[in-house]
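Hi everyone, thanks for coming. Today I'd like to walk you through one protein chain, step by step. Please have a look at it first.

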Amino acid sequence: MDTIANPKNNKTAGIVRLVVLLILLINQTLISFGYNPLPFSEEQIYEGVSSIALAVSAIYAWWKHNNITKEAEEAQVVLERKKERK
């Protein structure tokens, strides 16, 4: 199925990438001047990132494979009817 890119999604993705880039630039600038902007150990950062990745992937899997919205429920009914015809 072909999907058409939504301009709103492209704008949001662009803003997120810009914010992440700015944070990384500020962080690197502070490090180069001898400041430690993130007072965490590598292990703490790894655990935090892993926890966030786990939560995001769990929420995505739950959302993707469940018919949450009314439109998704209607689409599921249409799909089941098409499968029955075959």
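**A walk along the chain**

So, what is this chain built from? It has three helices and zero strands. If you read along the sequence, the pattern is α-α-α. Please keep in mind that this is a predicted model.

Let's start with what the database says. An unreviewed UniProt entry lists residues 12-33 and 45-63 under "transmembrane region". How do those two spans look in the model? Residues 12-33 are 95% helix and 0% strand, and the C-alpha atoms at the two ends of that span are 32 Å apart. Residues 45-63 come out as 100% helix, again with 0% strand, and here the end C-alpha atoms lie 27 Å apart.

Now for the surface. How much of the chain is buried? Of the 86 residues, buried ones make up 1%. The accessible surface of the chain is about 8,400 Å², and carbon and sulfur atoms account for 64% of that.

Two patches deserve a look. One is nonpolar, and its members are Leu-18, Leu-21, Leu-22, Leu-25, Ile-26, Leu-30, Phe-33 and Tyr-35. Together they offer about 830 Å² of accessible area. Take Leu-18, which sits in helix α1, residues 7-32. Why can Leu-18 belong to a surface patch? Because its relative accessible area is 48%, so Leu-18 is partly exposed, and patch members need over 30%.

The other patch is positive, formed by Arg-81, Lys-82, Arg-85 and Lys-86. Where does Arg-81 sit? You'll find Arg-81 in helix α3, which covers residues 70-85.

That's my tour, and I'm happy to take questions!

Terms used. Residues numbered from 1 in each chain as written. Predicted model: local features only at pLDDT ≥ 70, side-chain atom pairs only at ≥ 80, totals over all residues. Heavy atoms only, no water. UniProt positions renumbered as here; feature names shortened; annotations may be inferred. Helix = DSSP H or I, 4+ residues; strand = E, 2+ residues; numbered from the N terminus. Patch = residues over 30% accessible without salt bridge, like charges linked within 9 Å, V, L, I, M, F, W, Y side chains within 5 Å. Areas by Shrake-Rupley, 256 points an atom, 1.4 Å probe, with all protein chains shown as cover. Salt bridge = Lys/Arg side-chain N within 4 Å of Asp/Glu carboxyl O. Buried < 20%, exposed > 50% of the residue type's maximum accessible area, 1.4 Å probe, protein only. Lys, Arg positive; Asp, Glu negative; His and termini not counted. Charge placed at Lys NZ, Arg CZ, Asp CG, Glu CD.
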